[in-house]
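The following questions and answers are meant for a reader who meets this structure for the first time. Please look at the sequence and the model, and then follow the reasoning in each reply.

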Amino acid sequence: MTVADRAATAFGETFGADPDFVAQAPGRVNLIGEHTDYNDGFVFPAAIDRWIAIACRARDDSRVVLHATAFDETREFDAADDLSKDANWLDYPKGVVDQFRKGGHAVPGFDGVMVGDVPVGAGLSSSAAVEVATATVVLELTGISMSGPDVALLGQRAENQFVGVNCGIMDQFVSANATEGHALFLDCRDLSFEHVPVSAGDARIVILNSGVTRGLTDSGYNERRSACEKGAALIAEASGETVEALRDVSPELLAAHRNALPPDIHRRCRHVVTEIDRTREAVADLRAGDVAAFGALMNASHDSLRDDYEVSGPELDALVTIARGVDGVYGARLTGAGFGGCAVALARADAVDELVRAVAADYPSQSGLEAEAYVCRAVAGAGRVG
Ligand code: GLA
């Protein structure tokens, strides 16, 4: 049964009626361009065939009553009230409703049941999927029309301002704007984007979940963001150039002002400026059909995240090393914020079984954990499904 069908069924069980419709939004995997979105750089994520679906029925009052099967819990709030955070899963949908209200839109009440198969805390953007799915529900209920990029921005604001996580735009953007069979090459400075085919040929995207849930992510993530801002400010001061973000810094400019930066800030900046270049180059390689070159850049991306940005860890490093040892794997790297979560490998179709076998055989003894492997499809972004 699809996730959307499960949501519709669970709606019947919870509310004793059929839903009016189901909306869904996918999780994502980032193929390359990590920790570049909040530096005005480029990213190249794909939406994956794992979704958050919300089955929904309009109410004639302003209450929002939501059941989440993952928590076996029903929670509610009044969409006409001033909303505040509760520190539980409801904050994500509530934050989205709050943003519609801040944009001057009245949000009507609804009953909803939320079902998902995006693993939580695994770095595959289950939160962004909840935000974008909720925004899709509100748009359906109200008939408001909003562009995909604006939906993404609204979801990001909900996460930044309501939930209090200082994420960039990548996750919400791809969840709202992806097309099937393509990854999305996004310029995070002006939000221009292109869909680039990833399902052509024999390459498969394999996600390897390390089983380490992201615990310290938020503090580590925010520290990295401030290091980048500080680096950009120091380079601007030392060079006299206009540097609004690390996007404006070339590897040469960074090298020329190395001495103006504390060593750890220099390493963080070096990751970002080289990753921005790698992402542009990798997309050009893929367009030219050179999957091997794309894979080599994925490997370089991981090494930079491990050594310069320091957001990997022994488990992710072990997964990446095992994957790279398999014949037919083009490249492997951590994906998402890091500090646990998932690695992504690009593998020849006929190498996938061996990759899954190698991970099952070697990862537990190296990490004390089991890794799950998902061979995923690049799917379309959010929408109404029934
Ligand atoms: C998380 C954030 C994104 C992005 C990545 C790192 O997924 O939500 O905005 O910064 O980390 O690339």
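Q: Over how many bridges do β2 and strand β7 pair?
A: In this predicted model, β7 covers residues 182–187 and runs antiparallel to β2. One position in this region is Phe42, which stands opposite Asp187 in β7. The number of bridges between β2 and β7 is two.

Q: Which strands stand at the edges of the open sheet of three strands?
A: The order of this sheet is β2-β7-β8, with antiparallel pairing. A strand at the edge has a single partner strand, so one side of it is left without a neighbour in the sheet. The strands in that position are β2 (42–43) and β8 (193–197).

Q: What angle does the direction of helix α5 make with that of β7?
A: Helix α5 spans residues 170–177 and packs on the three-stranded sheet. There it touches β2, β7 and β8. Its direction and that of β7 make an angle of about 135°.

Q: Across which strands does α5 also lie, running at about 130° to β1?
A: The strand β1 belongs to an open sheet of six strands, with the order β5-β4-β6-β3-β1-β13 and mixed pairing. In this order β3 is written beside β1. The strands that α5 lies across are β1 and β3.

Q: Which are the edge strands of the open sheet of six strands?
A: The order of the sheet begins with β5 and ends with β13. Each of these two strands pairs on one side only. The edge strands are therefore β5 and β13 (383–384).

Q: How many bridges join strand β1 to strand β3?
A: Strand β1 takes in residues 21–30 and strand β3 residues 45–58, and the two run antiparallel. One bridge partnership links Val29 with Ala46 in β3. The number of bridges that join β1 to β3 is nine.

Q: Which strands does α1 touch where it packs on the sheet?
A: Helix α1 is formed by residues 3–15. Its direction makes about 135° with that of β6 (110–116), one of the strands it touches. The strands touched by α1 are β1, β3, β4 and β6.

Q: How far apart are the centres of the rings of Phe11 and Phe15?
A: The structure holds seven aromatic pairs. In this pair the planes stand at 40°, so the pair is tilted. Both residues lie in helix α1, four residues apart, about one turn of the helix. The distance between the ring centres is 4.8 Å.

Q: Is Phe11 buried or exposed?
A: A residue counts as buried if its relative accessible area is under 20%. For Phe11 the relative accessible area is 0%. Phe11 is therefore buried.

Q: Why does the pair of Phe71 and Trp89 count as stacked?
A: The centres of the two rings lie 6.0 Å apart. Planes under 30 degrees apart count as stacked. The pair is stacked because its planes are at 5°.

Q: How many residues apart in sequence are the parts that the pair of Phe71 and Trp89 ties together?
A: Phe71 lies in the loop between β4 (63–68) and β5 (73–78), and Trp89 lies in the loop between β5 and α2 (91–102). Phe71 is partly exposed at 43% relative accessibility, whereas Trp89 is buried at 8%. The parts tied together by this pair are 18 residues apart.

Q: Over the ring of which residue does the charged end of Arg50 sit?
A: A charge is counted over a ring if, among other conditions, it is within 6 Å of the ring centre. The charged end of Arg50 is 4.1 Å from the centre of the ring in question. That ring belongs to Tyr374.

Q: Which residues does Gln99 touch, not counting residues up to four places away in sequence?
A: Gln99 has its place in helix α2. With a relative accessible area of 5%, Gln99 is buried. The residues it touches are Leu154, Arg157, Ala158 and Gln161.

Definitions and conventions
Residues numbered from 1 in each chain as written. Predicted model: local features only at pLDDT ≥ 70, side-chain atom pairs only at ≥ 80, totals over all residues. Heavy atoms only, no water. Phe/Tyr/Trp six-rings, centres within 6.5 Å; stacked < 30°, edge-to-face > 60°. Buried < 20%, exposed > 50% of the residue type's maximum accessible area, 1.4 Å probe, protein only. Lys NZ or Arg CZ within 6 Å of the ring centre and 35° of its normal. Pairing = 2+ DSSP bridges. Contact = heavy atoms within 4.5 Å. Axes fitted to C-alpha atoms, helices over the stretch in contact; angles between N-to-C directions.
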